Amino acid sequence: MNDYAGQHEVISENMASQIIVDLARYVQELKQERKSNFHDGRKAQQHIETCWKQLESSKRRFERDCKEADRAQQYFEKMDADINVTKADVEKARQQAQIRHQMAEDSKADYSSILQKFNHEQHEYYHTHIPNIFQKIQEMEERRIVRMGESMKTYAEVDRQVIPIIGKCLDGIVKAAESIDQKNDSQLVIEAYKSGFEPPGDIEFEDYTQPMKRTVSDNSLSNSRGEGKPDLKFGGKSKGKLWPFIKKNKPPPPPPASASPSAVPNGPQSPKQQKEPLSHRFNEFMTSKPKIHCFRSLKRGGATPEDFSNLPPEQRRKKLQQKVDELNKEIQKEMDQRDAITKMKDVYLKNPQMGDPASLDHKLAEVSQNIEKLRLETQKFEAWLAEVEGRLPARNEQARRQSGLYDSQNPPTVNNCAQDRESPDGSYTEEQSQESEVKVLATDFDDEFDDEEPLPAIGTCKALYTFEGQNEGTISVVEGETLYVIEEDKGDGWTRIRRNEDEEGYVPTSYVEVCLDKNAKGAKTYI
């Protein structure tokens with residue numbers, strides 16, 4: 001794809017150098033030529049308009065002189081016929097009439113001359129000047145059309161030159177698409193993100209026919225209520241999540257509420273005392289342990305531990321190996337720098353005029369200290385790496401486990417990876433003191449399967465009685481406490497509530513008074 005895009009860049013560069021630059025210059029020349037032709041046209045039009053104005057002016061003057069000559073002649077004839085007029089007045093009128101006649105003749109001659117000149121200019125304008133200007137504009141447009149055709153031919157040649165290379169690029173794209181190995185790609189993803197945890201052991205049979213206290217296997221996934229261990233609550237956002245496809249289970253339905261919960265010594269009977277159905281036990285088995293904290297909740301914590309102990313074993317091993325390689329590169333870099341300084345010091349010793357050898361002692365000591373620090377750091381990470389590699393299962397054991405060849409009568413022991421944070425049944429847990437400080441790199445795995453986004457509050461509730469949530473998924477409340485409702489009672493007797501961003505769970509519906517928002521249900525409902 002990069003080669004294919006590169007060929008189009010070649011086309012673009014050739015078009016810019018061979019076509020666009022020349023066309024831009026040619027367009028400027030056309031603009032100047034067109035402007036010149038239009039200027040000549042306006043000039044010829046202004047000249048013919050001036051000639052027409054002169055013709056009209058001489059015509060009006062000739063007409064005026066003729067009228068005045070007629071009036072002077074009539075006045076002379078009138079004076080000549082009158083016997084009471086003196087001879088001098090008659091002579092004066094006669095001379096005036098002659099002058100007017102002469103002026104009329106001059107105006108006539110001038111009008112005739114200007115008329116002939118205008119007719120000639122008009123003929124030149126319509127038969128010579130304007131046709132020449134239009135011819136020049138036409139020739140200019142024809143040259144432009146020819147030039148555009150040449151540019152199109154040039155583009156075709158530029159494109160034709162890279163067509164064979166583009167064909168090879170397309171063949172390469174097809175070949176690359178056909179060579180995709182989805183199995184290998186999947187294996188690469190698995191190798192990059194596999195955790196290295198050992199699967200839990202078999203669940204022991206629990207005999208309910210015996211009157212003795214029911215026991216739970218040490219390596220059972222559901223051993224969340226073993227002796228000497230505090231109950232694990234999953235009401236908050238730090239949810240135990242190994243099976244991302246299973247939604248959070250509700251606790252078993254409560255017993256029918258009595259008319260007055262205070263009549264019973266500790267209020268209504270705790271849901272924990274009810275006999276748990278098989279489906280609830282299966283859900284508890286699938287969700288309680290092993291426990292891997294949600295990556296999203298982890299990355300909201302503090303800084304990443306130096307030994308990457310917050311990561312699964314396989315990911316931790318990769319991070320430690322990467323850190324060791326980086327430290328080795330830094331050590332090699334410092335050693336090269338030390339060798340260079342040593343050589344320079346030897347040169348100064350042999351040629352004192354080039355520099356003072358003692359001036360390099362401080363720099364040499366500083367580099368040596370850096371090397372020693374890096375070596376100690378490398379030894380520390382190598383020790384952690386050796387510890388992790390000693391705990392990781394062997395490759396052949398992994399292959400046997402994947403192929404299903406384990407002997408059912410001799411189940412494998414749970415690997416003791418990260419023993420300081422593992423529970424007795426081999427599941428991976430986090431200490432509470434570290435849980436708020438752990439921060440891992442962002443991952444998209446949880447985004448794909450995490451359907452337990454924080455639900456919006458749909459109302460509030462007030463606790464009518466104190467309830468001690470001891471079962472998984474429940475939450476303890478105190479009488480009179482106000483909390484947020486995030487899920488209504490679905491008919492099983494439980495309401496899901498939230499105290500704050502980190503604490504949420506189920507309480508018996510009969511223990512709280514619920515007030516839903518209008519915009520959520522249209523009206524307030526009290527229980």
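Is phenylalanine 308 buried or exposed? With a relative accessible area of 17%, phenylalanine 308 is buried, and its place is the loop between helix H5 (295–298) and helix H6 (313–350). The model described here is a predicted one. Its chain has 527 residues, of which 32% count as buried, and its secondary structure comes to 11 helices and five strands. The points below go from the chain as a whole to its cores, its salt bridges and some single residues.

**The chain as a whole**

- The area that the chain exposes is about 34,500 Å², and carbon and sulfur atoms supply 53% of that area.
- Among the contacts in the chain with a separation of 6 or more, 70% are accounted for by residues that stand 24 or more positions apart.

**Nonpolar cores**

- The largest nonpolar core is made of 16 residues, and those with the most contacts inside it are Cys461, Phe467, Val477, Val485, Ile497, Val507 and Val514.
- At least two residues of this core are supplied by each of strand S1 (459–463), strand S2 (482–487), strand S3 (494–500), strand S4 (503–508) and strand S5 (512–516).
- Strand S5 gives the largest share of this core, which is three residues.
- Another core, of 11 residues, lies apart from the largest one, and Leu320, Val324, Leu327 and Val388 are among its members.

**Salt bridges that involve the helices**

- For the structure, the count of salt bridges comes to 20.
- One of them joins glutamate 33 and arginine 143, whose closest N and O atoms are 2.5 Å apart.
- This pair links distant parts of the chain, since glutamate 33 belongs to helix H1 (residues 2–81) and arginine 143 to helix H2 (residues 87–178), with their positions 110 residues apart.
- Glutamate 33 counts as partly exposed because its relative accessibility is 26%, and arginine 143 likewise counts as partly exposed, at 36% relative accessibility.
- Lysine 67 and glutamate 63 form another salt bridge, in which the closest N and O atoms are 3.6 Å apart.
- Because lysine 67 and glutamate 63 are four residues apart in helix H1, about one helical turn separates them.
- Both ends of this bridge count as partly exposed, lysine 67 at 47% relative accessibility and glutamate 63 at 43%.

**A salt-bridge network with buried members**

- Arginine 496 forms a salt bridge with glutamate 487, and the closest N and O atoms of the two are 3.5 Å apart.
- Arginine 496 is buried, with a relative accessible area of 10%, and glutamate 487 is buried as well, with a relative accessible area of 16%.
- Through salt bridges that share partners, Glu487, Arg496, Arg498 and Glu504 are joined into one network.
- Arginine 498, a member of this network, lies in strand S3 and counts as buried because its relative accessibility is 12%.
- The side chain of arginine 498 also makes a polar contact with the side chain of glutamate 504, at 3.3 Å.

**Cysteines**

- The structure holds zero disulfides.
- A disulfide is a covalent bond that connects the sulfur atoms of two cysteines.
- Cysteine 51 counts as buried, at 6% relative accessibility, whereas cysteine 66 is partly exposed, with a relative accessible area of 26%.

**Single residues to look at**

- Most residues other than glycine have a negative phi.
- Phenylalanine 308, by contrast, has a phi near 55°, a positive value in a residue other than glycine.
- The burial of phenylalanine 308 follows from the cut-off, because buried means under 20% relative accessible area and the value for phenylalanine 308 is 17%.
- Methionine 152 has its place in helix H2, and at 60% relative accessibility methionine 152 counts as exposed.
- Methionine 152 and isoleucine 19 are 133 residues apart along the chain, while their C-alpha atoms are separated by 8.7 Å.

Technical notes
Residues numbered from 1 in each chain as written. Predicted model: local features only at pLDDT ≥ 70, side-chain atom pairs only at ≥ 80, totals over all residues. Heavy atoms only, no water. Core = buried A, V, L, I, M, F, W, Y, C linked by side-chain atoms within 4.5 Å. Buried < 20%, exposed > 50% of the residue type's maximum accessible area, 1.4 Å probe, protein only. Salt bridge = Lys/Arg side-chain N within 4 Å of Asp/Glu carboxyl O. Contact = heavy atoms within 4.5 Å. Areas by Shrake-Rupley, 256 points an atom, 1.4 Å probe, with all protein chains shown as cover. Disulfide = S-S within 2.5 Å. Polar contact = N/O pair within 3.5 Å; in protein donor to acceptor, adjacent residues only side chain to side chain.
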